[in-house]
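Here is a set of exercises to work through with the model open beside you. Try each task before reading on to its solution.

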Amino acid sequence: MSLIEDTQVAALLAEVSDFGVFSLDTDGICTGWMPISSNYQLAPVDEVVGHPLEKFYGREEREAGAYWKNLKTAKEKGRFDTEGFRRRWDGSYSWTRISIVKKLDDAGEHVGYVGVVYDATRQRDAAKALHASEEAFRALVQGLHDHAIYMLSVDGRVTNWNAGAEQIKGYPTEEILGQHFSIFFTEDERGRGVPDQVLEQARVAGRYREEGWRVRKDGEKFRAEIFVQAIYDESGEILGFGSITRDVTEQYEAKQSLAAAQEALNQSEKLRSLGELTGGIAHDFNNLLTVVRGSAELLKSETLSDDKKIRHIDAIVETADRAAELTGQLLSFARQQPLQPKRLDLNELISGMSDLMKRTLGGGVSILLTPSSGLWDVRADPTQLENLILNAAINARDAMDGAGTLTLATRNVHGKGGDEVCLSISDTGSGIEPEILERVFEPFFTTKGPGKGTGLGLSQAYGFAAQSGGRLEIGSEVGRGTTLSLYLPRAEAKPNMNQSARTRKADRDVPRGTRVLLVEDSRTVAVFAQSLLEDMGCDVVHAQNAEEALIALENEPDGFDIIFSDIVMPGLSGLDLAARVRSQKPTLPILLATGYSEAAARGEGSEFPILPKPYKRDILSAKLCETMNAFSQAA
């Protein structure tokens, strides 16, 4: 009778296991043998049946009678289980598990034994490999002294601890196990509940990573790179957290030192630029002052003819205008020149400047305009932008020695920071050497000869671009020419405007009898401004500060047609005064003036018109009219 009747079952078992089934009589002689694996099929049935199975035991076990002892134990206890190396029929050995069960008949008499022998070599080898891998991993973790690796329970308590953690954080294993990991955080972070927030984020997101400050056992803070990983079982339930902390204090301090060195270098560069800036300012202003002082002294001469007096007066006026221009360039370079941006079509702007550029550049320079169709509008100060374009064109002409092609091109640009419009100005000149190109935006840096340029043109353009929310780039190739590219942000969609309101020109002459409240703290400027206004036919009341102006507004029975106020004054500023007047008398026009105001440069008071100092008579008159007309239209 076969030990396993169903051959299909036997075949299935052969696919999944290496084992054999046997039966023995009471004397240990094999009476039945069914090998269910290739290993055991090496032993022919007729050479196994009828013999004791001790031939599968090693020599030492046979000499010790292990086979017979095992049968005795099975007989006495009903069952015997063992495992160890057993000999295969081909002479090789395998790690084998053996179970022998005492067999009884229906009367309960001992009639023999049945058993199973199982080849566990592969499982044992796999278990040994797993154990070796676990030991190697444990040795690796324990050997990482520059990484603190530890496990946390679900509630954040330390459950194991490597040597690196002890070295970095200072806690020995026996002391830290069971402690809450919040002791690694600063007192301030513990007070704000940061440890719980870390675990919650790791629980929700699966992991948490940061760089921050942690505390050693001795209270010393160190910079750490922290990683916390949530650990789940097969069902998705969280078992705890694994954490790795690396001490990056040295790297952090190195970065800080590098940043400090970079800042020191930047300061050095700033000081160098400031030195050049100071020298350039002194040089240019001393030249201007020489003209003004010399002309003023000559005007004292009683023998000076009228023609020469007019000539010297014109020289003073021209020099004052040049000084104002230089101051404007300095403020623009510092990005502190108050701009008055308007919606512009760059195609129309450069087209309208073409005749001016032709006259300025001379017949040797060909001007090529390549406007892009469908160009977006921009918002920029038209006067500053025209100056930038004209200065760039003059620089290009000089680079081409007065002969060549100047190309002005426009295009729309889809940049990472948003939509922009690019205006490029290219020449066919000699180009700029790379070492010089790096310095072209520095103040007072120029390649022109003495007296041929201030060196502020490109630095002013750079400041204007930044202040307008854009940027300025330059590219050059020696022998082929230079391209200056101005990028300005795209303007918002056009508002609906009445064409007549858009094209209406304000009267440029102030109506005689206009009542003006002049607010100016500088005595000399006040005398000049009052004389200028009275010469225009205005009735002027002067207040030395904003406080006096507010009193004058209350006490003047006929009121005023407009307030003309300086911005920078002791006490309340002109911006403060304008805000108060706007809230109390919203229909009263206000015109502000300033040589420079930090608040105005930041954009404060942008709802009020601002007249830059110094100003000319015709510009002041036009600005007063424009302001009053704007208020009357709004009313």
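Contact here means heavy atoms within 4.5 Å. Keep in mind throughout that this is a predicted model.

**Exercise 1. Get an overview of the chain.**
Task: Find how many helices and strands there are in the chain, what percentage of residues is buried, and what percentage of the contacts between residues at least 6 apart in sequence joins residues at least 24 apart.

Solution:
- Step 1. Begin with the secondary structure: the chain has 21 helices and 22 strands.
- Step 2. Turn to burial. Of the 635 residues in the chain, 38% are buried.
- Step 3. Now take the contacts between residues at least 6 apart in sequence; 57% of these join residues at least 24 apart.

**Exercise 2. Place one alanine.**
Task: Decide whether Ala74 is buried or exposed, and list which residues Ala74 touches beyond four places away in sequence.

Solution:
- Step 1. Locate Ala74 in helix α4, which spans residues 66–77.
- Step 2. Check the accessibility. Ala74 has 0% relative accessibility, so Ala74 counts as buried; the cut-off for buried is under 20%.
- Step 3. List the neighbours, leaving out residues up to four places away in sequence: Ala74 touches Arg79, Phe80, Ile100, Lys102 and Tyr113.
- Step 4. Add a distance. Ser99 is 25 residues from Ala74 along the chain, and their C-alpha atoms are 9.2 Å apart.

**Exercise 3. Read an antiparallel sheet.**
Task: Work out the strand order of the open sheet that holds β6 and β10, and say which strands are its edges.

Solution:
- Step 1. Trace the five strands: the order is β7-β6-β10-β9-β8, and the pairing is antiparallel.
- Step 2. Look for strands that pair on one side only. These edge strands are β7 (158–161) and β8 (207–215).
- Step 3. Note the twist, which averages 25 degrees from one strand to the next.
- Step 4. Zoom in on one pair. Six bridges link β6 (residues 147–152) with β10 (residues 238–247) in the antiparallel sense, and Met151 faces Gly242 of β10.
- Step 5. Add the helix. α9 (residues 194–205) lies across β6, β8, β9 (221–232) and β10, and runs at about 165 degrees to β8.

**Exercise 4. Read a mixed sheet and its helix.**
Task: Do the same for the open sheet that holds β12 and β14, then find which strands helix α12 touches.

Solution:
- Step 1. Write down the order of the five strands, β12-β14-β15-β17-β16, with mixed pairing.
- Step 2. Mark the edges: β12 (365–370) and β16 (471–477) each pair on one side only.
- Step 3. Ignoring direction, neighbouring strands of this sheet are turned by 20 degrees against each other on average.
- Step 4. Follow β12 to its partner. β12 and β14 (residues 404–415) run parallel and are joined by six bridges, with Val365 opposite Gly404 in β14.
- Step 5. Find α12 (residues 346–361) packed on the sheet, where α12 touches β12, β14 and β15 (418–426). The direction of α12 makes about 175 degrees with that of β12.

**Exercise 5. Classify two helix pairs.**
Task: Assign a class to the packing of α12 with α13 and to that of α18 with α19.

Two packed helices are described by the angle between their axes and the distance between the axes.

Solution for α12 and α13:
- Step 1. The axes of α12 and α13 (residues 382–399) are 10 Å apart, at an angle of about 45 degrees.
- Step 2. That angle makes α12 oblique to α13, and the crossing is right-handed.
- Step 3. Inspect the contact: α12 contributes residues including Leu349, Met353 and Leu356, and α13 residues including Leu385, Ile389 and Arg397.
- Step 4. By class, this contact of α12 with α13 has twelve nonpolar, one polar and two charged residues.

Solution for α18 and α19:
- Step 1. α18 (residues 546–555) and α19 (residues 574–584) pack at about 20 degrees, with axes 10 Å apart.
- Step 2. Angles under 35 degrees count as roughly parallel, so α18 is roughly parallel to α19. Their crossing is right-handed.
- Step 3. Ala546, Ala549, Leu550, Leu553 and Glu554 of α18 meet Leu577, Arg580, Val581 and Gln584 of α19.
- Step 4. The contact of α18 with α19 divides into six nonpolar, one polar and two charged residues.

Definitions and conventions. Residues are numbered from 1 along each chain as its sequence is written. This is a predicted model: local features need pLDDT of at least 70, side-chain atom pairs count only at pLDDT 80 or more; totals for chains, interfaces and linings use all residues. Side-chain values use heavy atoms; hydrogens and water are left out. Two strands pair if DSSP finds at least two bridges between them. Helices (H or I, at least four residues) and strands (E, at least two) are DSSP runs, numbered from the N terminus. Axes are lines fitted to C-alpha atoms, for helices over the stretch in contact, and angles run from 0 to 180 degrees between N-to-C directions. Angles under 35 degrees count as roughly parallel, over 145 as roughly antiparallel, 65 to 115 as roughly perpendicular and the rest as oblique. A crossing is left-handed if the near helix is turned anticlockwise from the far one by less than a right angle, and right-handed if clockwise. Ala, Val, Leu, Ile, Met, Phe, Trp, Tyr, Cys and Pro count as nonpolar, Asp, Glu, Lys and Arg as charged, and the others, Gly among them, as polar. Buried means under 20% relative accessible area, exposed over 50%, partly exposed in between (1.4 Å probe, protein chains only).
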